[in-house]
Every structure is written in structure tokens, then in C-alpha cells.
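Me: Could you take me through one part of this structure slowly? I would like a close look at a sheet and what surrounds it.

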Amino acid sequence: MSVKVISAGILSLLQDAGRFGQHQIGLTSGGPMDPLAFHWANRLCANSAGATAIEVSVGGIKLEAQRALRLAVTGGEMPLKINGSAAQCWQTHSLNAGDRLELGYSQRGCRAYIAIGGGGFDVAADFGSTSTVVREGIGGLNGGALQAGDELASHVDMNTQCWRVPAAERPLYRKWVTLRVIPGYQQHAFSRIQQRLFFHNSFEVSDRCDRMGYRLTGPEVRADIDGILSEGICLGAIQVPADGQPIVLMNDRQTIGGYPKIGSVLSLDLAKLAQLLPGDKVSFAPITIDCAHNALHLAHSRFMAAQLEPLCSE
Amino acid sequence: MNIHVAGENALMIYFGQEANPAVSARVQQVAQRLPALLGERLLDLVPSYASLLVLFNPLLTDHLAVRKAIQAALSEDKSAEASEGCLVELPVYYAEESGPDLAALAERASMSIEEVVALHQRDEYRVYAIGFAPGFAYLGQVDERISAPRLATPRQKVPKGAVAIADRQTAVYPAASPGGWNLIGLCPTPMFDPSSDPSMPVSVGDRVRFVAIDKGEFLSLGGKLPGGGLL
């Protein structure tokens with residue numbers, strides 16, 4: 001074993017890139033809520049793109065290295081300590097057997113990622129993925145969140161170089177974000193006035209927000225219809241139930257549902273929404289699907305072109 | 001045919017306005033053709049009553065190319081037989097102790113409990129969709145006389161194996177979960193078992209028939225009555 005969980009914090013889950021091709025038996029996709037931070041964590045450890053890492057929500061996790069290894073922490077601003085001393089996120093750290101890594105509670109951004117060198121945490125895949133979906137009891141160690149006492153395996157890491165993500169490439173976690181929306185699905189069931197209401201007001205993240213969906217509060221947005229014949233739901237779909245309060249559906253969403261939907265949030269912005277806490281604000285801006293594709297390609301190119309900065313050994 | 005944008009990586013195909021076996025067969029037919037046409041560009045498919053959600057990798061393709069592939073799948077021979085689907089028999093222990101809404105449903109339908117149970121077994125149901133939870137198969141359509149709206153207040157916990165009716169749909173709860181459907185019995189057959197292959201006894205397009213069993217058979221088939229009352 002390479003890492004022991006001393007304390008699991010509020011919610012810590014093993015995640016790889018997500019579970020695909022299983023919607024036909026009702027399994028959701030899971031996967032990291034903030035894929036950019038997740039991919040940076042793996043790159044810092046020289047892992048392949050979808051290697052299994054830990055997603056820490058809100059904070060409070062404490063790990064102990066069982067042997068020499070390298071870890072990297074990225075994502076929301078949770079104070080990082082190694083053996084009690086403050087340490088930097090967005091870089092690789094070399095740990096020795098017995099060293100302890102600890103994440104405090106988030107200041108800004110509520111999802112952080114801990115990746116480990118040697119190809120990520122070595123976990124058996126369920127339905128082609130290690131992503132944990134607690135609601136389904138699928139993935140992770142036993143279908144559930146990490147718990148104190150859990151021991152995680154990883155392959156021996158031959159690499160010793162440590163790296164840092166350049167400051168310019170690190171995302172800023174804000175308290176108010178604009179979510180780009182590709183209008184679609186039942187958008188025509190929302191009148192012009194209702195669409196204006198939706199796109200020209202801000203909404204607040206309610207305390208009913210989790211990996212399944214983020215329920216927002218704000219002006220009531222009304223659809224002309226109450227429900228539809230149940231149909232497939234994609235990542236980021238914005239469903240508007242009869243109470244007029246939108247719900248943005250996230251990684252652990254139900255695969256089908258019958259509420260009208262006004263469109264879907266661009267995944268790049270969904271990652272920002274996933275970093276917000278109750279009380280934070282969002283507004284929506286419509287974009288075409290072509291703009292969405294351009295934005296995805298640009299973000300991907302930028303990520304691939306960015307160079308990590310080598311750190312001298314510690 | 002209607003192809004609509006659903007999201008950055010998703011196109012929705014609508015095949016009709018309502019659930020019926022012909023529309024559902026067409027959904028299945030197109031769902032079976034798309035993997036060969038899209039290959040690794042295809043991320044996932046969500047077939048439902050009268051629609052098919054096509055999820056693709058937006059870094060490998062775009063909505064225009066996927067639309068073309070969908071049109072190709074749609075224009076292939078429509079009369080070609082979609083695979084017929086298997087007939088799966090599911091045993092059900094129908095009783096008031098296993099189906100707490102059975103009496104209310106019978107009263108609503110002005111029938112005896114025996115008549116409700118007989119009607120539920122009479123028809124062959126089609127698996128229209130799988131979703132909501134792993135292994136939750138939406139079956140339809142039940143006889144109009146035994147259709148019933150969802151409960152005003154959903155139960156906090158519906159037991160695993162509960163056989164239920166909502167509107168003209170029926171289903172077996174694959175695991176204990178909250179739920180608002182009317183419970184009429186319990187099925188001992190596991191609807192979702194991640195450790196077996198296949199993990200589900202049915203897939204979309206299959207046909208299901210329910211067969212009544214008594215309490216003894218239910219227990220010997222591994223069925224468990226939920227302790228502590230159903231409510």
C-alpha cells in the first residue's frame with residue numbers, strides 16, 4: 001500500500017475521467033467535477049490523462065505516505081500542510097514513508113484533486129471506470145466515499161522530478177461566475193420573456209447542491225409545459241421544474257428525466273460552477289454550439305501547449 | 001425527423017410524441033446502428049420512450065458530422081427488423097404485505113385485488129427505457145384500468161424488488177430508494193447485480209411478463225420481505 005487515509009474529510013472520492021458507454025443500464029458518468037484541475041494534478045505526476053486521483057470536496061482530508069512517493073494537489077484553495085508545515089498547491093511534492101499530507105477547509109473553490117505518481121491510484125474498475133458514484137454504490141474502493149483507515153495502492157513511481165504549474169495557467173476561483181449556455185432541448189417551451197428573465201438575471205447557489213445537481217434560486221422562470229416524455233439528460237443540462245428554480249445537472253445526474261430544459265452549460269464553465277459554495281452567484285450567457293466547440297478546442301490546445309516548470313529537488 | 005442540439009457534446013433525436021412499441025423499436029434500431037457509424041467519436045447513447053440522446057466527443061468531431069451520421073442511420077432501411085428483444089419472465093409475490101398500495105389501487109379501479117393482479121400479469125410489457133437509477137427499467141404500458149398517478153408524497157424508502165405502477169408505466173425497483181410509485185408486490189429476481197454479466201436481466205427493447213408466485217416460492221427464490229413495515 002502506498003497511502004493510508006487518516007481522515008477522509010467531508011467528502012473525498014476516487015475519480016478517473018468518468019464512466020462512459022453505460023447509460024443504457026442507467027449508470028451515470030461520474031468523473032471529476034473540475035476536469036481542468038484534475039488533469040493538471042495528473043500532469044504534475046506524469047500520469048496519463050485519466051489516471052485515478054482523489055477529489056476532495058470542501059476539505060479536511062489527511063493522508064499518510066506508507067513509502068516514498070510523489071503527490072500533487074490542485075484545485076480549490078484548501079490550505080495544504082505537509083508534516084504540519086504550510087506547502088504549495090499546484091506542484092508535485094516528494095513524500096517519504098510516514099509523512100503526512102493534510103488539506104484544511106476551502107477558502108475559495110470547494111473541489112481539490114490529489115494525484116499520485118506511478119500512474120495514479122491503483123483501483124479495480126467497475127463498468128470500465130474507477131469513478132465513485134455514491135448514489136449508485138459503484139466505483140472507488142467499495143462503491144463509497146473514502147473513509148478513515150482506507151489504504152490505497154499505487155505502482156512504484158520511477159520518476160523523481162517535481163514540477164509546478166505556471167502561475168498564469170492556474171484558474172482563479174471566483175464567487176460569481178458567468179455560465180455560457182448552449183440553448184437547446186425545450187428552449188422553445190420558454191417564451192422570449194422567460195428567456196430574457198433567465199439570461200438577464202443572476203441566481204444564487206442554494207444549499208441544495210451536490211455532485212448530482214446544483215439547485216439555484218432567483219427569479220422564477222416559467223416553461224409553457226410542466227413536463228415532457230422522459231428523455232436523456234446530458235452533462236450541464238439546465239432543468240426547470242414547476243417552481244421555476246433552475247437545476248444545473250452535474251456529473252452524477254440521473255440519466256433520464258421529464259422536466260423541461262432550457263439548454264446546457266458549457267463544460268468549461270460547469271467546472272467553475274462546481275467550485276462554488278452556497279450563497280455564491282451565477283449568471284447565464286447564451287452561446288452557439290459552434291462557439292462552444294471553439295472554446296473547447298482552445299482550452300484543450302492551451303492546456304496541451306502549457307509547459308510545467310521544473311522544481312529543484314526539495 | 002427532428003434532430004436538436006442538447007448540449008456541447010449532445011444531439012437529441014425525437015422519433016415521436018408518445019410512447020408506443022413502433023416508435024420504441026425505431027429508437028432501438030437507430031441506437032444499434034450508430035456505434036458502427038461513429039466509432040470512437042461516440043461517447044454514450046441514452047435511448048428513451050420516443051427519443052435517443054447521442055453523446056459524442058467534441059474534440060474528435062462536431063455536431064455537423066454527428067448529424068450526418070445520424071441522418072445516415074435514419075435513412076438506412078426502416079423496415080429492417082430491429083432485434084426482437086428477449087421475453088423475460090419476472091416472478092412477483094402480489095399481496096398486501098408485499099404491495100402496500102394494492103388495496104388502494106384496487107379500490108380506485110373499482111376492482112378486486114385479484115382482478116388487479118390478473119390484469120398486471122395479462123399483458124407483455126416492453127422495456128422502453130432504463131434510467132433514474134442503475135437497472136431501473138421503465139415498462140409499459142399497463143392496462144388503463146390499473147394505471148394510477150404517483151403518490152402525493154413519495155416514500156422515503158421503497159424496498160428492493162418492489163413492483164410498482166405510475167401512470168401507465170410499471171417497474172421493479174432494483175435497489176431500496178426513495179420513490180413515489182404505487183407498490184403492488186415484490187419480485188425476488190435481482191434487477192441489477194454489478195458482479196454478474198450481464199448485470200441486468202433485461203435491456204431496452206426486451207419484453208417482460210410478470211408471473212404470480214406465492215410467499216413460499218418468493219422466499220425460496222431468495223426474496224426478502226422488508227422488515228419494520230413498508231411505510
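Reply: Happy to! One definition helps before we start: two strands count as paired if DSSP finds at least two bridges between them. Keep in mind, too, that this is a predicted model.

Now to the sheet in chain B. It is an open sheet of 7 strands, and reading across it gives the order β5-β13-β6-β7-β10-β9-β12, with mixed pairing. At the edges stand β5 (87-92) and β12 (182-186) of chain B; each has a single partner strand, so one side of each is left without a neighbour in the sheet. From one strand to the next, the twist averages 35 degrees. As background, strands of a sheet pair through backbone hydrogen bonds, either parallel or antiparallel.

Let's stay with the edge strand β12(B). Strand β9 of chain B, residues 162-166, is joined to β12(B) by 4 bridges, and the two run antiparallel. You can find one such pairing yourself: look for Ala164(B), whose bridge partner in β12(B) is Leu183(B).

A helix comes into the picture here as well. Helix α4 of chain B (residues 113-122) lies across β12 and β13 (207-212) of chain B. Relative to β13(B), this helix runs at about 150 degrees.

Finally, step back to see where chain B meets chain A. The contact takes 37 residues from chain B and 33 residues from chain A. On the chain A side, β16 (231-232) and α4 (289-305) each supply at least two residues. The largest share of that side, 6 residues, comes from α4(A). Sorted by class, the side of chain A that touches chain B has 15 nonpolar, 15 polar and 3 charged residues.

Methods:
Residues are numbered from 1 along each chain as its sequence is written. Chains are lettered from A and ligands numbered from 1 in the order in which they are written. This is a predicted model: local features need pLDDT of at least 70, side-chain atom pairs count only at pLDDT 80 or more; totals for chains, interfaces and linings use all residues. Axes are lines fitted to C-alpha atoms, for helices over the stretch in contact, and angles run from 0 to 180 degrees between N-to-C directions. Two residues are in contact if their C-beta atoms, placed from the backbone, lie within 7 Å. Ala, Val, Leu, Ile, Met, Phe, Trp, Tyr, Cys and Pro count as nonpolar, Asp, Glu, Lys and Arg as charged, and the others, Gly among them, as polar.
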